[in-house]
Amino acid sequence: MMMSETKLGGTLTFPGISSGVYRMGYGAMQLAGPEIYGPPRDVDAALAVLREAVTTGVNHIDTSDYYGPHVTNEIIKKALHPYPAGLVIVTKLGARRGTDKSWIPALSRKELIDGTHDNLRNLGLDRIEVVNLRVGGMLEPSEGSIEEPLSALVELKRQGLIGHIGLSNVTPKQLAEAQKITEIVCIQNFYNVARRSDDSFIDALAQQGLAYVPFFPLGGFTPLQSSVLDQVAGSLQVTPMQVALAWLLQRSPNILLIPGTSSISHLRENLSAASLELSSDVVAQLNSISAKTMAAAQPAH
């Protein structure tokens with residue numbers, strides 16, 4: 001293990017945005033209440049986490065107005081508005097919350113327009129720097145054209161309400177379709193050390209200079225996979241989350257991280273993972289998590 005001096009994992013620049021963002025950002029999802037619904041148990045603690053993140057140097061915050069709904073954006077506004085120069089707030093459209101806490105697709109033109117205005121109002125902005133169009137299922141992409149909802153965002157971009165457009169839960173084919181319609185600046189998909197189906201996609205995006213923002217860095221692990229991660233973390237005297245985040249930063253230079261937490265102590269742990277440099281032996285051990293999983297999934301011959 002080595003400690004790097006590069007602040008928050010170094011920087012990456014979104015296409016078309018002049019200032020770069022640090023590769024270790026912050027995801028606001030956990031600022032809402034249980035099941036990402038309703039207000040948090042401790043609003044003051046949520047405000048403190050956001051202010052601590054920005055004070056530490058974080059200049060990339062990922063959010064959505066359907067977190068809560070409306071809750072996380074209102075907390076971001078209360079904590080940080082007027083926003084410091086250079087802070088890039090990225091939001092998502094494409095879903096809404098039912099009163100039963102369900103997640104409901106919201107990809108019609110009207111829903112996307114209304115969602116944009118909700119984000120603008122609750123964040124206190126006249127223009128959102130980056131908006132991700134969320135398609136597919138809860139975790140996985142689903143094939144099919146995304147031209148219709150994307151065209152609605154392009155219209156909002158022409159109106160000056162959106163600066164740049166990204167995509168979430170998409171396939172390489174859907175990205176190619178989107179790039180014929182408008183410029184895409186980032187992809188946000190489910191990816192971590194155990195769940196690596198986007199490996200080739202990440203490499204292709206790196207060649208294009210496009211950011212890849214993985215969500216659920218510890219999501220979907222089996223007990224066996226978790227035990228390997230725990231073993232590595234124990235040997236390095238750090239937490240499994242820190243190892244998972246450090247592995248992602250070393251995986252590819254176009255990866256941006258947005259770990260979320262409602263705890264200042266966990267925030268500090270997450271941010272410190274940016275200075276954790278994993279040796280080639282440790283990386284090989286972590287890579288074996290995915291390799292073993294893939295081998296187990298192969299049918300017997």
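**Walking through the contacts of a predicted fold**

Let's start at arginine 195, which counts as buried because its relative accessibility is 18% and the buried class takes in values under 20%. Please keep in mind along the way that this is a predicted model. Which residue does arginine 195 meet in a salt bridge? Its partner is glutamate 140, with 2.2 Å from N to O between the two side chains. Glutamate 140 sits in the loop between strand E9 (128-134) and helix H4 (147-158), and arginine 195 in the loop between E11 and H6, so this salt bridge ties together parts of the chain that are 55 residues apart in sequence. Unlike its buried partner, glutamate 140 is partly exposed, because its relative accessibility is 38%. Next comes a network: Arg196, Asp199, Asp203 and Arg251 are joined into one by salt bridges that share partners.

Taken over the whole structure, there are 12 salt bridges. Another of them brings together the side chains of glutamate 52 and arginine 268, at 3.0 Å from N to O. Here too, distant parts of the chain are linked: glutamate 52 belongs to helix H1 (residues 43-56) and arginine 268 to helix H9 (residues 264-272), and the two are 216 residues apart. Arginine 268 has a relative accessibility of 49%, so it counts as partly exposed.

A further salt bridge, between glutamate 129 and arginine 127, has an N to O distance of 3.3 Å. Are its two residues buried or partly exposed? Glutamate 129, at 24% relative accessibility, is partly exposed, and arginine 127, with a relative accessible area of 39%, is partly exposed as well.

Now let's turn to strand E9 itself. How many of its 7 residues are buried? The strand is mostly covered, with 6 of the 7 buried. On one side of the pairing, strand E6 (residues 88-93) runs parallel to E9 and is joined to it by 4 bridges. Here valine 90 stands opposite valine 130 of E9. E9 also pairs with strand E10 (residues 162-168), again in parallel, through 6 bridges. In that pairing, asparagine 132 has glycine 166 of E10 as its bridge partner. As you look along these strands, it helps to recall a general point: in a regular strand, side chains alternate between the two faces of the sheet.

Valine 90 also leads us to threonine 63, since Val90 is among the residues in contact with threonine 63 beyond its neighbours within four places in sequence. The others are Ala28, Thr72, Asn73, Ile76, Ile89, Thr91 and Lys92. Threonine 63 lies in the loop between strand E5 (60-62) and helix H2 (71-80). With a relative accessible area of 0%, threonine 63 is buried. What does its side chain do there? It makes a polar contact of 3.1 Å with the side chain of threonine 72, and another polar contact, of 2.7 Å, joins it to the side chain of asparagine 73.

Our last stop is the aromatic rings, which form 7 pairs in the structure. The rings of tyrosine 191 and tryptophan 247 make one of these pairs: their centres are 6.0 Å apart and their planes meet at 25°, so the pair is stacked. Tyrosine 191 is found in the loop between strand E11 (184-188) and helix H6 (199-208), while tryptophan 247 is part of helix H8 (residues 240-251), so the stacked rings tie together parts 56 residues apart in sequence. Both partners count as buried: tyrosine 191 at 0% relative accessibility and tryptophan 247 at 3%.

Phenylalanine 215 and phenylalanine 216 form an edge-to-face pair, with 5.3 Å from centre to centre and 85° between the planes. Their surroundings put them in separate classes: phenylalanine 215 is buried at 13% relative accessibility, whereas phenylalanine 216 is partly exposed at 36%.

Finally, Tyr66, Tyr67 and Trp103 are linked by ring pairs into a cluster. A charge joins the picture at this cluster, for the charged end of arginine 97 sits over the ring of tryptophan 103, 3.7 Å from the ring's centre.

Conventions: Residues are numbered from 1 along each chain as its sequence is written. This is a predicted model: local features need pLDDT of at least 70, side-chain atom pairs count only at pLDDT 80 or more; totals for chains, interfaces and linings use all residues. Side-chain values use heavy atoms; hydrogens and water are left out. Rings of Phe, Tyr and Trp (its six-membered ring) pair if their centres lie within 6.5 Å; planes under 30 degrees apart count as stacked, over 60 as edge-to-face and the rest as tilted. Buried means under 20% relative accessible area, exposed over 50%, partly exposed in between (1.4 Å probe, protein chains only). A charge sits over a ring if NZ of Lys or CZ of Arg is within 6 Å of the ring centre and within 35 degrees of the ring normal. A polar contact is a pair of N or O atoms within 3.5 Å; within protein, one must be able to donate a hydrogen and the other to accept it, and residues adjacent in sequence count only if both atoms are side-chain atoms. Contact means heavy atoms within 4.5 Å. A salt bridge is a side-chain nitrogen of Lys or Arg within 4 Å of a carboxyl oxygen of Asp or Glu. Two strands pair if DSSP finds at least two bridges between them.
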